[in-house]
Amino acid sequence: MDDYTLFNNAPIPMLILDLEGNIRQANAAAQAFYGRSAEALLSVTLTALAYGENQYLQERAFRQVLRAQRSWEGLIDQLASSGMRTVRLLLTPMRDADGQICNVLACALDVHNLLNAQRTLQYERDRLEAILESANDAVLMIDADGTAVTVNLQFERLFNLPRHIVLERSLTDLVRQLRAQPDLPPDFMNVLLNFSSDYTQSASYEFEISGTTRRVVRWYTEPVHTYSGALLGRLFVFHDATHELALDRTKTEFVSLVTHELGTPLAAIKNAVEMLQDDPSSLLSEDGRQYVQIIAQRIELLETLVKDIIALTRIEAGRIELRRAYHPLSAALDEALNSVRGIIQARKQQLILEIPDDLPVLWIDRNRIAQVFTNLLTNASKYTHDGGTLLVRAARVDRAWDLPENSPADVRLPAVLVMVQDTGIGIALEEQVRIFERFYRAEDARKRRIQGSGLGLTIVKSFVALHGGKVWLRSAPLQGSSFFFTLPIVEGQ
Amino acid sequence: MSYILLAEDDRSLQFLVQRKLETEGYTVRSTTDGAEALALALSERPALLLLDIGLPSATGYDVCRAVKQHYGAESPPIVIISTNGQDADVEAAEDIGADDYLIKPFSLRDLAERVRDFLDGN
């Protein structure tokens, strides 16, 4: 077979061009591809076959072949019989007997469908990757040889492991390196190791990551197969369950609060009422007077608890709105004293009030500030022995150096500073940071069986904060506690 | 005369239970402390014990367990009082030999009836 027959019968469209780019020969495949007869093709240049702006690109490629005397290969959109098609165009210089370039051979391989398929595939891959990256769970996939092939963003975040450390490494190799990271729990390595060569079992459990914040991670792992049943590898999914577990704990704490803190006062009320019912004449005796007092006190306690629960629910839902007006501080204090004076008197405690007459009026929600006083005074009384002393003192503070020692740095001034002081059991230093947390109760308070919901100070803190104020304390075991809070003086409202 | 030992750290409730039992004609001795309750129970053998679970220095469970071990079959009846009404808590009380279990808030009439069943049945 001579060169010409080869050229003419080649299944790939081929053209022979002169040095000006004019088409001199076109094979059968070229005639079919471009949808033009040999004569028609011989009357045009290669440039005329390119589509739109590709003409310029193709022209440049042709000149480059002549100038550099080297082949050129690239993707060009051309006008074919079926419309615009992308071809892989190969331009090769042809030399005469003297080695001079006399012609250029152009081969156009139609890659249009191939490229489309590749684009679809790429799009599909991007889509899956985007889904994987935006998943809330950390994902690690190993192939059937135990090499890590996929991790997502959440995996990098949860374990603080950049993917370049993880990918393309065998799990055993990876674990060896990870052992050097002190924050990663051994349980995590064990999960990886146990299943690095096992492609049959599914498993799930949880482990903890310590470090700056403690996280509980629930994980599961499963072998992955294609639809046809071929083994692809193993998938590990790690779910950060810290928040869910905290919610569970809150629920449990709430149930325990309701059973204990509601049950005990209710028991006393119920029993006192029974005593009065069974012997109505006792109402006039000393015993009867005590029954009524117990009922009154316990109802007060329940009322406070119900108010606290409602307040906390609103705070957590972010639905607290202050109903502010100008009030003297004493208005809120008096309202609180109406409900706590009974408790203080029952324990024969002395209450000292040092409220100057010339305090400025405050732009406050009176009921909320009354609840702040109620909660602080109830605590002061509860944690102080019978016959102890409680002190409420208020003063105007204009400059930071007039604040007591160890006050927070960011107190808004000018403000009215209030101190509620007791001579009670005090709070250990290490517990003082947690005392404002919801449901938190000091160890000593629990041991002494002093009732409390662990809500009071949480509410105090948020109500004071809503007014732009700060709350803090000074205390030591067996030396009493002083709670301070500020209410900024808002001028010109 | 033999008495009922009441260990309850809520003073109001203690006062009410004591008064109720006294109006029923029983002698009652009250304490708010677990260790004190245990000492009294081991030295004087009360006719019946009413024990709150949450007591300072020793829980009602501790007292119950020790008293039952000390007296064996001759042990006075013990009634546990608690706010924990879950099955597991009742079972825990039964496991250590408690004879009865009252959940707060309970009725004094009900309490008096149970005490009567224990003491007057003998």
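Trainee: Which backbone oxygen lies 3.0 Å from a polar atom of the side chain of A:Asn152?

Mentor: In this predicted model, that oxygen belongs to A:Leu132.

Trainee: And where does A:Asn152 lie in chain A?

Mentor: A:Asn152 lies in the loop that runs between strand E7 (148-151) and helix H6 (153-159) of chain A.

Trainee: Is A:Asn152 buried or exposed there?

Mentor: A:Asn152 counts as buried, because its relative accessibility is 0%, and buried means under 20%.

Trainee: What is A:Asn152 in contact with, leaving aside its neighbours within four places in sequence?

Mentor: With that restriction, A:Asn152 is in contact with A:Leu132, A:Glu133, A:Ala135, A:Asp137, A:Ala138, A:Val139 and A:Arg163.

Trainee: Switching to the interface, how many residues does the contact take from chain A and from chain B?

Mentor: Chain A contributes 22 residues and chain B 18 residues, and the area buried between the two chains is about 1800 Å², with carbon and sulfur atoms giving 57% of that area.

Trainee: How many salt bridges are found across the interface of chain A and chain B?

Mentor: The rule finds four, and one pair whose side chains meet in a salt bridge is B:Arg109 with A:Asp278, at 3.2 Å from N to O.

Trainee: And how many residue pairs are in polar contact across the interface of chain A and chain B?

Mentor: Eight, counting pairs in which both residues are at pLDDT 80 or more.

Trainee: Which helices of chain A supply at least two residues each of the side that touches chain B?

Mentor: Helix H10 (242-278) and helix H11 (286-317) each do so, and H10(A) gives the most, with 14 residues. The residues on that side of chain A divide into seven nonpolar, eight polar and seven charged.

Notes: Residues are numbered from 1 along each chain as its sequence is written. Chains are lettered from A and ligands numbered from 1 in the order in which they are written. This is a predicted model: local features need pLDDT of at least 70, side-chain atom pairs count only at pLDDT 80 or more; totals for chains, interfaces and linings use all residues. Side-chain values use heavy atoms; hydrogens and water are left out. Contact means heavy atoms within 4.5 Å. Buried area is the accessible area (1.4 Å probe) that two parts lose on being put together, summed over both. A polar contact is a pair of N or O atoms within 3.5 Å; within protein, one must be able to donate a hydrogen and the other to accept it, and residues adjacent in sequence count only if both atoms are side-chain atoms. Helices (H or I, at least four residues) and strands (E, at least two) are DSSP runs, numbered from the N terminus. Ala, Val, Leu, Ile, Met, Phe, Trp, Tyr, Cys and Pro count as nonpolar, Asp, Glu, Lys and Arg as charged, and the others, Gly among them, as polar. Buried means under 20% relative accessible area, exposed over 50%, partly exposed in between (1.4 Å probe, protein chains only).
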